[in-house]
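Welcome, and please have your viewer ready. We will go from one selection to the next, with a short stop at each.

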Amino acid sequence: MTRPSQQLSERIRNELPEMERIIQRALRAWPKAQKGSRGREVYLDSVALNLQAFYTGIERLFELIARQVDHILPPGETWHRDLLKQMGKDMPGIRPAVIDPQSTFDLDDFRRFRHLVQNIYTFNLVPGKMESLIQTLPKLWAKLRAELLAFAEFLDDLHRASKRNRQK
């Protein structure tokens, strides 16, 4: 494994605590966003921003994997969706799937929501859609975290095998 792949493995592991903080912020803000109290919209904005940041962080890791491991980033205007699909597929001789089909499906809802947040005013967001994402988030994150750690371990295994082969 080359030095960039080692750095990628470390980057994945280092990003996980950051992602955890983003998720916890969204989960803490959600109960306050549900209340009809004054300031509710500020909490809804916070939830939306953190859900957007969650997917953006995941996509950033996927983009690094596509560039450094797959050596191919999907082209065209659907590249965000295509990148997500790419991470859900085995690349024979290169790498196993980074995430499984259910994670791919669940993350696509977050991708679409991120697109929505980036392209409309936040006061037009539908709290019901955010509720669905918030309910999905804890279970998805536990699974996704395990999948990303398994992929980092795959990169580490490649590195160890490469070192053994150089020593022979």
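Start by selecting arginine 60 and glutamate 15: the two form a salt bridge, with their closest N and O atoms 3.8 Å apart. A salt bridge here is a side-chain nitrogen of Lys or Arg within 4 Å of a carboxyl oxygen of Asp or Glu. Arginine 60 lies in helix α2 (residues 40-70) and glutamate 15 in helix α1, so this pair ties together parts that are 45 residues apart in sequence. Helices are DSSP runs (H or I, at least four residues) and strands are E runs of at least two, numbered from the N terminus.

Before moving on, a word on what you are looking at. This is a predicted model, in which local features need pLDDT of at least 70 and side-chain atom pairs count only at pLDDT 80 or more, while totals for chains, interfaces and linings use all residues. Residues are numbered from 1 along each chain as its sequence is written, and side-chain values use heavy atoms, leaving out hydrogens and water.

Now colour the pair by accessibility. Buried means under 20% relative accessible area, exposed over 50%, and partly exposed in between (1.4 Å probe, protein chains only). Arginine 60 is partly exposed at 37%, whereas glutamate 15 is buried at 13%.

Next, select aspartate 70 and arginine 95. Their salt bridge brings the closest N and O atoms to 2.6 Å. Aspartate 70 belongs to helix α2 and arginine 95 to the loop between α3 (79-87) and α4, so the pair ties together parts 25 residues apart in sequence. Is aspartate 70 buried or exposed? Aspartate 70 is buried, with a relative accessible area of 5%, and arginine 95 is buried at 4%.

Move along to arginine 111 and aspartate 108, another salt bridge, where the closest N and O atoms are 2.6 Å apart. Both residues sit in helix α4, three residues apart, and are separated by about one helical turn. Arginine 111 and aspartate 108 are both buried.

For a group selection, pick Arg13, Glu153, Asp156, Asp157 and Arg160, which are joined into one network by salt bridges that share partners. How many salt bridges does the structure hold? The structure holds 14.

Stay with helix α4 (residues 101-119) and select serine 103, which has its place there. Serine 103 counts as buried, at 0% relative accessibility. Show its surroundings: leaving aside residues up to four places away in sequence, serine 103 touches Leu140, Lys143 and Glu147. Contact means heavy atoms within 4.5 Å.

Now turn to the surface and select Arg25, Arg28, Lys32 and Lys35, which form a positive patch. Such patches are made of residues with over 30% relative accessible area and no salt bridge, like charges being joined within 9 Å. Within the patch, arginine 28 is found in helix α1 (residues 3-34) and is exposed, with a relative accessible area of 54%.

Finally, zoom out to the whole protein. The protein has five helices and zero strands, running α-α-α-α-α from the N terminus on. Along the principal axes, the C-alpha atoms fill a box of roughly 70 × 30 × 25 Å. Of the 168 residues, 40% count as buried. Among contacts with a separation of 6 or more, 68% come from residues 24 or more positions apart.

Key. Patches are made of residues with over 30% relative accessible area and no salt bridge: like charges are joined within 9 Å, nonpolar side chains (Val, Leu, Ile, Met, Phe, Trp, Tyr) within 5 Å. Accessible areas come from the Shrake-Rupley method with a 1.4 Å probe; for residues, only the protein chains shown count as cover. Lys and Arg count as positive and Asp and Glu as negative; His and the chain ends are not counted. The place of a charge is taken as NZ of Lys, CZ of Arg, CG of Asp or CD of Glu.
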